[in-house]
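Open the model in your viewer and keep the selection tool at hand. We will go stop by stop.

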Amino acid sequence: FSYHDEGKTIFLNRVKKKFYYSGAFREYIKRRPGVAMRQFFPIKNAYFKHWRLFAKKPIITLGVVILRSAEVTAGFLGIFLGKKNE
């Protein structure tokens, strides 16, 4: 088990970060295809592992769904529109 604390989560900062880093995704997937696909896949193993926590905290669950949806959208936009793909 590993605990990773990124500090205070700011919605817009997370979305911008996903967009920025996704701009280099095409190059990253060439170098590390298995890892890249696992990292980019929108549904994480932790969601299944901690499903009871999500069931107990529906407001937090909704927040995770909204944040993750925005990150995935920003990721796709970063892949197709990002400056690093030029």
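**Stop 1: helix α6.** Select residues 58-81, which make up helix α6. This is a predicted model. Put a distance between the C-alpha atoms at the two ends of α6: the value is 34 Å. What span should its 24 residues give? The expected span is 34 Å, because each residue counts for 1.5 Å and the reckoning uses one less than the number of residues. The two values agree.

Now show the side chains of α6 that are buried. They are L67, R68, A70, E71, V72, A74, G75, G78 and I79. Note that R68 and E71 are on that list. Which helices do these residues pack against? Turn on α1, α2, α3 and α4 (45-49): the buried residues of α6 pack against these four.

**Stop 2: the whole chain.** Zoom out and colour by secondary structure. The protein chain has six helices and zero strands. Read from the N terminus, the order is α-α-α-α-α-α. The C-alpha trace spans about 45 × 25 × 20 Å along its principal axes.

Switch to a surface. The accessible surface comes to about 7,200 Å². Carbon and sulfur atoms account for 65% of that area. Of the 86 residues in the chain, 20% are buried.

Next, colour by charge. There are 18 positive and 5 negative charges, and their mean positions lie 6 Å apart.

A contact map is worth a glance here. Take the contacts between residues at least 6 apart in sequence: 66% of them join residues at least 24 apart.

**Stop 3: S22.** Select S22 in helix α1, residues 11-22. Is S22 buried or exposed? Its relative accessible area is 4%, so S22 counts as buried, the cut-off being under 20%. Show what touches S22, skipping neighbours within four places in sequence: F40, G75, G78 and I79 appear. Among them, G75, G78 and I79 are also on the list of buried residues of α6.

**Stop 4: A24.** Step along to A24, in the loop between α1 and α2. A24 is partly exposed, at 27% relative accessibility. Draw a C-alpha to C-alpha distance from A24 to L12. The two are 12 residues apart in sequence and 20 Å apart in space.

**Stop 5: the aromatic rings.** Show all aromatic side chains. How many aromatic pairs does the structure hold? It holds four. Two of them are on this tour.

Start with F25 and F40. Their ring centres are 4.8 Å apart and their planes meet at 35°. The pair is tilted, because its angle falls between the 30 degrees for stacked and the 60 for edge-to-face. It links distant parts of the chain: F25 sits in helix α2 (residues 25-31) and F40 in helix α3 (residues 33-40), 15 residues apart. Both rings belong to buried residues: F25 has 12% relative accessibility, and F40 has 14%.

Keep F40 and add F76. This pair is edge-to-face, with 5.3 Å centre to centre and 85° between the planes. Again distant parts of the chain are joined, F40 in α3 and F76 in α6, 36 residues apart. F76 is partly exposed, with a relative accessible area of 43%.

Finally, select F25, F40 and F76 together. Ring pairs link these three into a cluster. Leave S22 displayed as well, since F40 is among its contacts.

Definitions and conventions. Residues are numbered from 1 along each chain as its sequence is written. This is a predicted model: local features need pLDDT of at least 70, side-chain atom pairs count only at pLDDT 80 or more; totals for chains, interfaces and linings use all residues. Side-chain values use heavy atoms; hydrogens and water are left out. Rings of Phe, Tyr and Trp (its six-membered ring) pair if their centres lie within 6.5 Å; planes under 30 degrees apart count as stacked, over 60 as edge-to-face and the rest as tilted. Buried means under 20% relative accessible area, exposed over 50%, partly exposed in between (1.4 Å probe, protein chains only). Contact means heavy atoms within 4.5 Å. Accessible areas come from the Shrake-Rupley method with a 1.4 Å probe; for residues, only the protein chains shown count as cover. Lys and Arg count as positive and Asp and Glu as negative; His and the chain ends are not counted. The place of a charge is taken as NZ of Lys, CZ of Arg, CG of Asp or CD of Glu.
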